[in-house]
Amino acid sequence: MGSNMLAMILAGGRGSRLHELTNRVAKPAVAYGGKYKIVDFPLSNCANSGIDVVGVLTQYESVLLNSYVAAGSRWGLDTKDSGVFVLTPREKADSGLDVYRGTADAISQNIDFIDTYDPEYLLVLSGDHIYKMNYAKMLEFHQEHNADATIAVIGVPMREASRFGIMNTDGNGRIIEFEEKPKKPKSNLASMGIYIFNWKLMRKMLLKDMKDPNSSHDFGKDFIPVMLNEGRTLCAWEFKGYWKDVGTIDSLWEANMDLLDDKNALNLSDPTWRIYTEDAAVLPQYIGPEAKIRRAYITQGVEVEGTVQNSVLFTNSRVGAGAKVIDSVLMPGAVVEEGATVTRAMVADGVRIGRGQSVGKKNSENILLVAENIKGKEE
Amino acid sequence: MANRAFGVIISAGGNFHVEGLHDYRPIGAFSFLGRYRVIDFPISNMSNSGIDQIQVYVSSRPRSIAEHIGTGRHYNINSKRGKLQLLFTQISNPKSIYNNIINSFLENYEIIERMHLPYVVIAPSYMIYKQDYQQLLDTHVESGADVTLLYHRVNNARDAYVGCSVLNLNKQKGVLSITPNMGTANEKNIFMDTYVMSKELFLDLIKQAKTRSSVFTLSDIVSQKAEELDVRGVSHKGTFASITSLNDYYHANLDLLDLDKADDLFRSNWPIYTRTTNACPTKYYDTADVKKSMIANGGQIEGTVENSIIGRDVRIHKGAVIRNSIILAYAEIGEGVRIENTIVDKWAKVQHVKEIIGNPAHPDYVRRSDTV
């Protein structure tokens with residue numbers, strides 16, 4: 001059954017605040033939660049919400065992201081008339097090769113792609129958020145309110161509201177004002193960067209925005225304010241649940257640590273809303289005879305011979321005999337050799353912490369990212 | 001790379017019965033090491049050997065096998081060129097003496113005839129081993145033999161491999177006969193129910209078996225023809241297990257907690273494929289104490305686990321102690337329950353009974369979906 005809503009995931013720039021983690025892969029392809037990649041979340045949400053066609057917009061050419069999302073079968077998006085498409089800036093007949101000048105421009109430059117599906121609604125998502133959301137419910141709300149656009153919002157603590165784009169609404173959920181990072185916020189409803197637009201109207205407005213020399217072609221800064229000025233119906237749909245923007249090493253580490261919390265609202269084990277990902281042909285997790293594991297989130301292909309405390313271990317990571325991994329995240333294939341210690345750190349994909357070495361500090365202000373092999377001590 | 005053989009995977013005959021587990025599914029569908037099913041091994045061996053035309057024969061209770069292997073896509077079989085066929089027999093009574101593999105072949109005779117490859121590799125869905133069939137086929141063709149059989153030299157045939165067959169070989173590895181393992185000695189050449197021959201001979205043997213006796217199996221006819229045909233044995237090295245009794249199943253699993261043995265079976269250049277259930281990683285709580293065990297994904301562990309295998313989505317509550325046991329998917333072990341030397345089947349809940357202690361030589365078994 002086809003949906004009349006097409007999704008576009010803004011996979012954005014390089015995610016440079018994630019440092020070396022995004023040197024080789026775009027941010028949406030960064031690993032999370034033991035076995036997932038960040039982009040698995042919006043993609044699985046789309047699949048579970050009955051959306052068949054998803055475009056992934058990325059500025060940063062990434063072979064890995066491309067080949068990863070192109071296998072739409074991982075999320076069940078491989079039936080007839082469905083698919084996942086990576087859309088990088090392309091050279092077109094009537095214009096040169098442009099980079100995406102802003103989030104709205106990224107959509108504008110792919111109007112031809114969207115037109116081939118002739119959708120009624122366009123769902124715009126962010127590729128670096130971790131959350132489970134049923135977009136079909138948001139669409140229902142959008143339709144019930146006869147809205148021109150609906151923006152998903154989440155209640156944030158009032159004292160933090162000035163860090164977000166805040167929506168001020170009337171009693172019926174209609175947005176009357178949008179303030180980007182207000183000094184004195186009037187509400188605590190923060191935009192999640194998730195939008196539903198009526199495609200026909202949006203298409204018209206995008207064509208206008210493309211030609212506007214004063215526009216920075218951004219949804220938050222330009223497109224939404226123009227809609228409000230024109231008196232369009234914009235509604236706020238309040239989302240309740242787990243939502244995390246993983247822009248920095250600290251927040252990525254935190255999002256992983258959240259999985260250890262018994263009251264964690266993300267609940268990845270919910271059988272009615274699975275998050276799909278690439279399956280690795282690896283053994284189950286092997287826990288050795290001397291291992292000590294307290295509070296950990298561990299996936300298949302992992303081998304633990306040492307001590308693991310309050311940590312998340314990704315596919316094929318290894319903890320050698322006598323090694324200690326505390327308050328840390330071992331990304332896919334990371335190895336902590338015999339007797340080494342890792343504290344409050346993220347060890348990047350495939351990185352080896354040599355025998356007897358020690359990285360990270362208890363009570364450090366920031367989480368240490370270890371992105372290069374550390375040679376082991378001689379015996 | 002394409003192989004010149006097609007694959008045939010056969011299910012266990014009436015000579016095998018695995019207490020408990022077997023009442024619910026064929027051996028090929030038994031869970032293995034927490035994340036696999038036994039049939040993943042022969043299919044992965046074939047796929048890794050470049051065999052992409054595979055027939056899987058199921059004699060009874062096909063649901064779990066059909067669901068698990070599906071289109072075969074997860075076995076890395078080319079979805080256009082390759083084909084994984086599930087073939088059923090009409091005689092559905094698994095106890096019937098007519099429900100044997102020769103009858104399955106006869107019922108699907110035309111399908112076998114239509115295969116356009118000159119050789120066939122036949123392997124059992126109830127044994128665990130790693131074998132490059134391309135290499136075995138090369139050996140077969142080079143030797144000029146009519147039939148090549150794979151066997152494993154074991155030193156515990158008195159207690160294990162009940163119901164399996166034995167190859168009686170001459171000094172040149174020529175097969176003299178195939179006889180049942182009567183447990184008369186520990187050292188035996190256990191037949192791995194794995195054959196290589198030409199498609200023509202295969203079809204011929206099926207027809208001949210039928211004329212000789214309606215209850216003949218493939219190994220019966222090969223054994224009878226051993227005098228006139230050139231039948232040879234090839235010795236298999238490495239990890240081998242026959243999942244044909246509850247004891248053998250139990251030990252085959254626990255033996256692989258020795259990582260050296262597991263490493264021999266699971267090589268990165270020889271992946272064992274299986275169907276994913278998209279389970280999330282496993283959560284170990286503050287009170288968890290896990291040692292020398294294999295743990296599948298989706299678990300929640302608050303108790304103690306030692307020398308055991310824990311399947312997918314298993315929940316182990318606080319104070320529970322599991323030793324030398326196999327807990328299959330979706331089972332739940334309640335607070336303070338002690339389980340030793342036991343196999344707990346899928347979806348079972350152990351809450352009310354506080355202790356289930358089996359004998360290591362004869363493990364206990366808790367039935368599927370039972371609440372005890």
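These exercises walk through a predicted model of a complex, each with a worked solution.

**Exercise 1. Confidence**

Find what the predictor reports for chain B and for the complex.

Solution.
Step 1. Start with chain B. Its mean pLDDT is 92. Of its residues, 98% reach 70 or more.
Step 2. Turn to the complex. The ipTM is 0.90 and the pTM is 0.91.
Step 3. Keep one caution in mind. Where pLDDT is low, predicted coordinates should not be read in detail.

**Exercise 2. A strand covered on both sides**

Decide how many residues of β6(A) are buried, and describe its two faces.

Solution.
Step 1. Locate the strand. β6 covers residues 121-126 of chain A.
Step 2. Count. Six of its six residues are buried.
Step 3. Split the faces. Tyr121(A), Leu123(A) and Leu125(A) lie on one side. Leu122(A), Val124(A) and Ser126(A) lie on the other. Both faces are covered.
Step 4. Find a partner strand. β6(A) pairs with β11 (residues 189-198) of chain A in the antiparallel sense, over four bridges. Within that partner, Tyr195(A) is the bridge partner of Val124(A).

**Exercise 3. One strand, two partners**

Which strands pair with β15(A), and in which sense?

Solution.
Step 1. Look inside chain A. β15 (residues 292-298) runs parallel to β17 (residues 307-313), and six bridges join them. Here Tyr297(A) stands opposite Val312(A).
Step 2. Look across to chain B. β15(A) pairs with β14 (residues 282-284) of chain B over three bridges. This pairing is antiparallel. Tyr297(A) faces Lys283(B) in β14(B).
Step 3. Combine the two. Tyr297(A) stands opposite Val312(A) in β17(A) and opposite Lys283(B) in β14(B).

**Exercise 4. A sheet built from two chains**

Trace the open sheet of 10 strands and name its edge strands.

Solution.
Step 1. Write the order: β24(A)-β21(A)-β18(A)-β16(A)-β14(A)-β16(B)-β19(B)-β22(B)-β25(B)-β28(B). The pairing is mixed.
Step 2. Name the edges. They are β24 (352-353) of chain A and β28 (364-366) of chain B. Each pairs on one side only.
Step 3. Check one pair within the order. β18 (residues 318-319) and β21 (residues 335-336) of chain A run parallel and share two bridges. Val319(A) stands opposite Val336(A).

**Exercise 5. Buried or exposed?**

Classify Gln131(B), Asn373(A) and helix α8(A) as buried or exposed.

Solution.
Step 1. Take Gln131(B). It sits in the loop between β7 (127-129) and α5 (133-143) of chain B. Its relative accessibility is 11%, so it counts as buried. The cut-off is under 20%. Beyond its close sequence neighbours, up to four places away, Gln131(B) touches Asn45(B), Ser49(B), Leu136(B), Leu150(B), His236(B) and Trp270(B).
Step 2. Take Asn373(A). It lies in the segment after β26 (368-370) of chain A. Its relative accessible area is 54%, so it is exposed. That cut-off is over 50%. Leaving aside neighbours within four places in sequence, Asn373(A) contacts Gly350(A), Val351(A) and Arg352(A). The C-alpha atoms of Asn373(A) and Arg352(A) are 4.8 Å apart, with the two residues 21 places apart along the chain.
Step 3. Take α8 (residues 249-258) of chain A. Seven of its 10 residues are buried, so the helix is largely enclosed by the rest of the structure. The buried residues are Ile249(A), Ser251(A), Leu252(A), Trp253(A), Ala255(A), Asn256(A) and Met257(A).

**Exercise 6. Empty space**

Describe the largest cavity and the second largest pocket by volume and lining.

Solution.
Step 1. Count cavities. The whole structure has one of 30 Å³ or more. The largest cavity has a volume of about 40 Å³.
Step 2. List the cavity lining. It is made of Ser11(B), Pro26(B), Gly28(B), Ile39(B), Val56(B), Tyr57(B), Val58(B), Ile65(B) and Ser125(B). β4 (residues 53-58) of chain B gives the largest share, three residues.
Step 3. Sort the cavity lining by class. Six residues are nonpolar, three are polar and none is charged.
Step 4. Move to the second largest pocket. Its volume is about 1,100 Å³. It is lined by 42 residues. Nearest its centre lie Ala12(B), Gly13(B), Gly14(B), Asn15(B) and Phe16(B).
Step 5. Find the elements behind the pocket lining. α3 (101-107), β10 (175-180), β11 (188-198) and α7 (218-224) of chain B each supply at least two residues. The largest share, four residues, comes from α7(B).
Step 6. Sort the pocket lining by class. It has 16 nonpolar, 20 polar and six charged residues.

Methods:
Residues are numbered from 1 along each chain as its sequence is written. Chains are lettered from A and ligands numbered from 1 in the order in which they are written. This is a predicted model: local features need pLDDT of at least 70, side-chain atom pairs count only at pLDDT 80 or more; totals for chains, interfaces and linings use all residues. Side-chain values use heavy atoms; hydrogens and water are left out. pLDDT is the predictor's confidence in each residue, from 0 to 100. On a 1 Å grid over the protein atoms alone, a cavity is a set of points where a 1.4 Å probe fits but cannot get out, and a pocket is an open set with protein on both sides within 12 Å along at least five of seven lines; lining residues have an atom within 4 Å of a point. Grid points are joined across faces, edges and corners, and a volume is the space filled by probe spheres set on the points. Ala, Val, Leu, Ile, Met, Phe, Trp, Tyr, Cys and Pro count as nonpolar, Asp, Glu, Lys and Arg as charged, and the others, Gly among them, as polar. Buried means under 20% relative accessible area, exposed over 50%, partly exposed in between (1.4 Å probe, protein chains only). Contact means heavy atoms within 4.5 Å. Two strands pair if DSSP finds at least two bridges between them.
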